[in-house]
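Student: Please take a close look at a single part of this model, and then place that part in its surroundings. I would like one connected account.

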Amino acid sequence: MTEIIQHLVDAAGLASLYALLALPVALVYGIMNLVNFAHGELIMIGAYGLFIFAAITLPLAAFLALVIVVLAALAMERAAFRPVRGSSPETLLVTSFAVSFLLQNAALMIFGSRPKSVETPSLFSQTVTIGGVHIEGVTILSVGLAVICIGGLVIFMKRTAFGMAMRAAAEDFTMARLVGIRANAVISGTFAISGVGAGVAAFILVVQGGSAFATMGLTPVIIAFVATMMGGLGSFSGALIGAALLGAGTVAFDVLLPTQLRSSREAFVYGAVLVVLLIRPQGLVPARRERV
Amino acid sequence: MASPRLRTITVAIAIALAATVLAACGSSSEEGGGGGEENGPITIGFATAQSGAFASYDKPAVDGAKLEIEKINAEGGIDGRKIKVVEADTRTDINGAREAADEVLANGAQFMMVTCDFDYSTPSIVEAQSHNVVAMSPCAGSTKFRTDVIGPNGFSMGTGVPAEGASQAEFASEKLKAKTAYVIVDPTIDIDKQSGAAFEQRWKELGGTIVGTDVFQQEDQSFSAQISRLRELPEPPDVIYLASYPPGGVRFVRSLRAAGIESPILAESNFDGSYWLKSVPGLSDFYHTAYGSMNGDDPEPAVNQVMAEYTKKYGKPETEIGALSGYSVIEALKRAYEKAGTTEASKLVPALEEFHNEKLAIGPTTFDKLNHITLDRPVRIIQVQNGKESLVGLWKPKKVPVIE
Amino acid sequence: MQRLGTSLGKIQTPVLLTIVIAAISLLAPLGGLAMENRAIVMLINIALVVGLYSFAGLSGVLSFGHMSFMGIGAYTGALITIPLTAKSALLPELPSFIAHAEFSFPIAILIGGGVAAFVALVVSLPVARLPALAMSLALFAVLVIAYQVESNWNSVTRGRQALFGVPTGTTLGVALAVALLVIFFVYGYQESRFGLRLRASRENELAAAAIGVDVVRERRIALVLSGFVIGVAGVVYAQYLGVFTPNDFYLDVTFLTIAMLVIGGTRSLTGAVIGPILVAVLTYLLQRGETVTGPGLQQIGLALAMLAVLIFRPSGLSLGAELTISSLRSLVVRGRRRTPSAPASSAPAQLEVPDEN
């Protein structure tokens with residue numbers, strides 16, 4: 001029994017991290033039909049931010065890194081995505097692909113390929129044991145931050161004028177503009193929020209791994225991609241469900257596969273994703289309207 | 001037809017053609033190449049990674065090589081021939097490795113130093129081979145540098161990685177008095193599989209038990225499954241052999257320690273250098289192999305000398321592997337050239353194959369007709385205690401399993 | 001010229017593209033081995049990008065997964081051409097029907113393409129039913145799966161380690177022939193009934209369906225054909241490199257081919273051909289520039305070029321048009337009117353180099 005609970009705890013930790021990765025991607029897609037491949041590079045920028053400011057106390061470093069990621073997200077939107085806004089989702093996706101490639105190589109040029117160590121307080125590298133179940137510090141951090149961020153976002157979207165404008169824009173962008181919502185403001189705001197998400201995810205990844213490197217955004221963004229796709233592009237709750245399933249599925253395959261097949265785990269995970277997608281082409285929770 | 005569109009196309013094509021023509025003219029004059037020329041300077045081509053993941057291994061190797069080249073040139077060259085250097089970037093890419101080799105060959109390379117990995121250096125070696133040029137990787141550790149695998153002209157100055165696995169097995173069994181071991185392999189790169197296999201085999205020969213094996217992937221976002229399996233053991237293993245490399249390997253160590261698993265960890269020279277130590281604050285009982293100690297306390301004076309010269313010129317390197325092995329590549333070329341009297345592969349290869357425990361800065365070096373990499377060179381064991389690195393000592397493996 | 005255009009009729013675009021590509025291929029060897037090899041890679045890229053175009057360009061559904069077919073072609077082609085003795089040493093646990101197979105290069109090209117096409121068919125059965133964007137992403141999942149299988153199927157692919165010892169049969173001539181065949185093949189498809197239906201669905205999916213186009217079926221056909229073409233290019237690439245790893249068929253090449261297609265223009269065959277040519281030239285120039293700026297310029301320059309095209313010329317440098325003789329003619333006339341030496345169709349003749357040897 002403790003074994004099962006242990007796996008559930010592990011899955012919860014991973015699912016929380018995945019949710020923090022997937023939500024911002026889903027949010028941006030909802031507003032402007034952009035599947036942002038460069039979201040991973042925002043995480044990378046956040047991690048390097050932590051590396052640069054790590055010498056100061058951690059809370060301040062985390063804050064400064066967050067500010068940098070948000071600024072980077074805004075700059076990205078302004079420089080690369082605004083000029084192509086309104087193009088087909090495929091064009092937008094290709095644009096983000098190019099931005100991602102650009103930033104990754106720029107980071108390689110600036111910081112080199114060797115990972116940069118970031119010192120984090122030992123508080124997060126401890127394990128709590130409750131009734132035979134081990135809970136890692138990172139798991140507590142991931143779950144805690146995910147709950148805070150998702151809760152905060154829900155309240156923001158439901159209670160503030162800006163949040164309601166965002167929801168309206170996600171529902172029907174043209175209509176939202178007609179009733180006087182300013183497109184630029186809404187889109188910039190959404191990117192800023194996605195920047196916050198990337199910054200938080202960067203913090204967790206750095207606490208977990210202790211380092212920052214140029215290609216670190218790649219795996220997270222693929223996870224975010226797949227989770228949002230599985231959940232239903234543009235659907236907020238779908239992204240959460242997709243992330244939870246992907247996290248749980250990864251842990252499940254890791255536990256259940258025999259050793260010889262374990263190194264092929266990813267193939268099984270993505271195969272399962274494909275099956276889900278074939279059964280429900282629009283995702284588990286389809287967005288409310290067909291986007292053409 | 002709207003002609004602005006077509007004008008774009010045509011202009012584009014015209015530019016492309018013009019560029020091809022210009023490039024064709026430009027580089028056809030450069031064509032020298034081959035091992036033919038016997039007078040004038042010896043041209044060494046560095047077809048190494050200046051960008052991408054391997055740059056951090058190759059760059060110190062190039063610097064180390066240049067250190068020895070400058071010394072040789074200051075003394076009047078090898079047999080009176082000075083050394084000239086030409087360089088090209090492989091971009092840590094397989095096709096890039098071929099292009100870089102082509103480029104240095106076109107610029108007259110008569111000897112080639114290639115990238116620090118078997119897979120990614122193979123295309124360069126094949127190109128070198130077709131030009132009758134010898135190619136040597138500074139620090140690739142794969143035992144596949146064999147004439148029946150890669151052909152006659154490819155060499156590596158590195159230490160075959162089974163020596164590292166075997167040394168760790170002997171060290172843990174004799175010095176740490178360990179009886180049980182748990183082996184975790186990250187199958188992302190070939191040498192980790194080889195070193196894991198060598199450790200396992202040597203461990204069993206020494207009468208130890210393997211209480212479990214597991215794998216993880218370099219890109220994994222969480223290692224909870226591997227940690228759970230380790231915890232499920234009736235009692236923690238005496239040692240954990242970890243065949244991986246940073247950053248994934250470092251994240252794994254961090255997760256292990258965070259999970260309260262305190263068994264000593266044994267690892268390869270991939271973990272050399274102190275740049276990653278801050279990622280696992282307060283790490284203890286971690287042992288990895290190395291090519292030499294960077295802190296001036298190496299038992300071999302030659303290592304300390306090279307490291308001191310390197311540090312003076314380029315600053316302290318993040319790891320010593322590249323610096324030492326790059327330096328020794330040029331040492332080896334000098335020794336072999338003095339015997340062969342030429343860079344031509346047909347004579348230089350036999351001269352290199354005569355190396356038997358040849359004393360180079362990197363350590364005793366042996367090549368033979370089959371193996372073009374040293375398989376039984378002593379390694380250094382470096383320990384990390386309370387986040388600080390220190391040298392344990394030199395370890396000469398008594399027996400190195402043959403791993404293919 | 002007008003008469004030439006009429007007599008060539010519908011095939012003038014591929015014929016003109018042939019002239020351009022052949023001219024480059026003939027000139028390149030003058031620059032020595034390095035230049036010749038660059039030309040080979042460029043020609044293989046043309047085959048890849050034209051293959052990608054035959055699906056993505058004609059259907060309007062961008063694919064992030066087509067390079068999986070390149071990998072399948074490369075591994076298939078390599079496994080059936082590595083000499084038997086080398087193969088048994090390299091891959092001792094290979095299933096016997098592959099272990100004992102040894103084919104000549106041309107047959108390997110067809111088998112490699114065929115296996116890739118078959119996988120494309122299997123993939124297409126479910127995937128072609130998806131709506132456009134979901135299909136793009138599902139194909140991306142296919143890429144990840146193919147990469148993972150190649151990376152872990154140790155007994156057949158050697159996992160993440162390089163598969164080496166592949167015979168290097170790809171010469172400039174082979175690459176040129178393959179690139180040209182691919183261009184004519186895809187052009188033929190583009191102008192056929194099937195191609196027209198597919199293009200109709202690209203312009204307006206609902207309207208095309210309304211006039212009776214079975215969009216799913218047309219996309220399925222395109223997926224299989226493009227899978228074949230890219231598989232063929234994969235075999236040729238493997239036989240050029242002689243050594244490769246699963247990484248060679250993953251994100252970098254996916255990015256690179258999409259960049260080439262976008263720069264050239266996704267909506268015309270001409271775009272799919274000039275994209276790789278321009279990127280080859282750009283890469284060459286950037287690599288020269290790296291000697292001044294240090295490494296990394298190449299990748300950054302390529303990404304910036306792609307962004308610039310996306311922002312300032314969203315339909316690519318070809319603007320979606322095909323190269324034809326009548327258009328060239330009007331260009332020459334206009335060019336003469338402006339300046340006597342404007343770059344035009346006669347440019348290659350003016351730039352001929354004196355023989356240096």
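Tutor: A residue is called buried here if 20 or more other C-beta atoms lie within 10 Å of its own, with C-beta atoms placed from the backbone. By that count, 61% of the 357 residues of chain C are buried. The model is predicted, and its scores are ipTM 0.86 and pTM 0.86.

The part I will look at closely is helix α10 of chain A, which covers residues 236–256. How far apart are the end C-alpha atoms of this helix? They lie 30 Å apart, and since 21 residues at 1.5 Å a residue should span 30 Å, the model agrees with the expected length. The expected span uses one less than the number of residues as the multiplier. An α-helix has 3.6 residues a turn, so residues three or four places apart point the same way. As for burial, 16 of the 21 residues of α10(A) meet the cut-off, so the helix is largely enclosed by the rest of the structure.

The chain that holds this helix has twelve helices and four strands. The radius of gyration of chain A is 19 Å, and the globule rule gives 19 Å for 292 residues, so chain A is as compact as a globular protein of that length. Along the principal axes, the C-alpha atoms of chain A fill a box of roughly 60 × 50 × 35 Å. Buried residues account for 59% of chain A. Of the chain A contacts between residues at least 6 apart in sequence, 75% link residues at least 24 apart.

Next comes the contact of chain A with chain B, in which 31 residues of chain A and 34 residues of chain B take part. On the chain A side, α10 is among the elements that give two or more residues, along with α1 (2–32), β3 (133–136), α8 (183–209) and α11 (259–262). The element giving the most is α1(A), with five residues. By class, the chain A side consists of 18 polar, seven nonpolar and six charged residues.

Across that contact, chain B contains twelve helices and 14 strands. Its radius of gyration is 23 Å, close to the 22 Å that the globule rule gives for 404 residues, so chain B is as compact as a globular protein of that length. The C-alpha trace of chain B spans about 75 × 65 × 40 Å along its principal axes, and 63% of its residues count as buried. The domain assignment splits chain B into domain 1 (42–159 + 299–373) and domain 2 (161–290 + 380–395). The centres of these two domains, taken over C-alpha atoms, are 29 Å apart. Where the two domains touch, domain 1 of chain B supplies eleven residues and domain 2 of chain B supplies 13. The domain 1 side is made up of three nonpolar, five polar and three charged residues.

That leaves chain C. Its secondary structure comes to 18 helices and zero strands. Of the contacts in chain C between residues at least 6 apart in sequence, 79% join residues at least 24 apart. Chain C has an average pLDDT of 85, with 89% of the residues scoring at least 70. Residues 337–357 of chain C have a pLDDT below 50, and this stretch has 24 contacts in the model beyond near neighbours in sequence.

Conventions: Residues are numbered from 1 along each chain as its sequence is written. Chains are lettered from A and ligands numbered from 1 in the order in which they are written. This is a predicted model: local features need pLDDT of at least 70, side-chain atom pairs count only at pLDDT 80 or more; totals for chains, interfaces and linings use all residues. A residue is buried if 20 or more other C-beta atoms lie within 10 Å of its own, exposed if 12 or fewer, and partly exposed in between; C-beta atoms are placed from the backbone. Two residues are in contact if their C-beta atoms, placed from the backbone, lie within 7 Å. Ala, Val, Leu, Ile, Met, Phe, Trp, Tyr, Cys and Pro count as nonpolar, Asp, Glu, Lys and Arg as charged, and the others, Gly among them, as polar. Domain bounds come from an automatic or database domain assignment. The radius of gyration is taken over C-alpha atoms; the globule rule is 2.2 Å times the number of residues to the power 0.38. pLDDT is the predictor's confidence in each residue, from 0 to 100.
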